[in-house]
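Visitor: I've got a few "how do you know that" questions. Could you take me through them?

Guide: Sure, here it is.

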Amino acid sequence: METSSTLKSSSSSSSVLFDELPRAICWRMFEHYQWEGFWYYPPHLEAAMAARSHFKARDDDIILASCPKTGTTWLKALIPSIINPTGGGEEEDDPLVTNHPNALMPSLEIKIYSGNPNPDLSGMLSPRLFRTHLPYSILPETIQKSGCKIVYIARDPKDAFVSLWHLMNANAAAGQEPHSIGDTFDSFCKGVHTFGPFHDHVLGYWNESLKRPEKILFLKYEEMKKDTRGQVKKLASYLGKPFVNEEEVDEILWRCSLERLKNLEVNKSGIDPWDGLAYKTYFRLGNVGDWKNCLTPEMKDRLDDITREKFQGSGLDL
Ligand code: PAP
């Protein structure tokens, strides 16, 4: 087995030795490395480097991008449902009935380039749907330069952190001590978490979406919750698949609702073979403001101050 000191990028154009990179331990046991300003779990970093060297975007690819726990799974369900509508078909015609949303939009760094630096993707039918947690600056150049579209989802960092904390505890090994909220919050605030710093991740896509709104649709979880119908219509129009009537919208909203997905058998048990997380732990409360149940007033102020400082002058508010 390779150790961290021998691990290096498998891409031909980069020969970064991991032990030359800043290193930190996240969530008590996971070694992370900082590369070009962001923190990665080693297998994701290898895959990110490989994707950057080898991924060739097609003009009609659709890339879903996000920092973890911002509502990605909702979009993993919505985007395939909009692109390949079942047309009011039977329940069993809906791919969501037999697939966890993760399988409908495979991850570049967690699945496609994981353990295989140059997979053959030429056989995939267009439009290809991919997801990624990689920051904008790290995306393969052909994603940035081709005509492919990016949908980005952002969320109040307080709720994203709380969602992440619950996820890590829900997936802890039997008998393992729960992660204390204090330590993990401190690490999150310092930006040391998988694909973090959170604020830099969001800003990278936000700034690019201002320059090229046709390239990046920037969505907020809170707006999706408040005006689901309006935001999903906006998404469908952006993807070039506007709804023809309100019944179509109703159907997609129901098919992709948290209540329905949570209760589908396929999402109730099993473990994602690529990230090792229990399928059911992708679906929790889906509330805006759940941080109020977990963070102290001091924690809230600390993270709000960071958000205010980081987003100052950007026009972004979360
Ligand atoms: P990921 O980054 O690992 O893919 P992601 O889907 O972004 O996770 O985040 C999970 C959050 O989205 C959970 O939020 P919570 O912990 O605050 O509850 C989850 O409940 C929420 N979520 C998942 N599916 C949906 C959905 N269909 N509608 C609304 N929220 C959802």
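Visitor: What makes α2 and α11 partners in a contact?

Guide: Contact here means heavy atoms within 4.5 Å. In this predicted model, Trp 74, Leu 75, Leu 78, Ile 79 and Ile 82 of α2 meet Thr 228, Val 232, Leu 235 and Ala 236 of α11. By class, that gives 8 nonpolar, 1 polar and no charged residues. Ala, Val, Leu, Ile, Met, Phe, Trp, Tyr, Cys and Pro count as nonpolar, Asp, Glu, Lys and Arg as charged, and the others, Gly among them, as polar.

Visitor: Any ground rules before we go on?

Guide: Numbering starts from 1 along each chain as its sequence is written, and side-chain values use heavy atoms, with hydrogens and water left out. As the model is predicted, local features need pLDDT of at least 70 and side-chain atom pairs count only at pLDDT 80 or more, while totals for chains, interfaces and linings use all residues.

Visitor: Why is α2 called oblique to α11?

Guide: The two pack at an angle of about 55 degrees, with their axes 10 Å apart. Angles under 35 degrees count as roughly parallel, over 145 as roughly antiparallel, 65 to 115 as roughly perpendicular and the rest as oblique. So α2 is oblique to α11.

Visitor: And what is the angle between α7 and α8?

Guide: Helix α7 (residues 157-170) and helix α8 (residues 181-189) pack at about 130 degrees, axes 11 Å apart. That makes α7 oblique to α8 as well. Pro 157, Phe 161, Leu 164 and Trp 165 of α7 make the contact with Ile 181, Thr 184, Phe 185 and Phe 188 of α8. These divide into 7 nonpolar, 1 polar and no charged.

Visitor: Now the ligand. How do you know that Thr 72 makes a polar contact with an oxygen atom of the ligand?

Guide: A polar contact is a pair of N or O atoms within 3.5 Å; within protein, one must be able to donate a hydrogen and the other to accept it, and residues adjacent in sequence count only if both atoms are side-chain atoms. An N or O atom in the Thr 72 side chain is 2.5 Å from a ligand oxygen atom, so the pair falls within the cut-off. For Ser 163, a polar side-chain atom lies 2.6 Å from an oxygen atom of the ligand. A polar backbone atom of Cys 256 is 2.9 Å from a nitrogen atom of the ligand.

Visitor: What makes Lys 69 worth a look?

Guide: Most residues other than glycine have a negative phi. Lys 69 is not a glycine, yet its phi is positive, about 70 degrees. You'll find Lys 69 in the loop between β4 (62-66) and α2.

Methods. Axes are lines fitted to C-alpha atoms, for helices over the stretch in contact, and angles run from 0 to 180 degrees between N-to-C directions. Helices (H or I, at least four residues) and strands (E, at least two) are DSSP runs, numbered from the N terminus.
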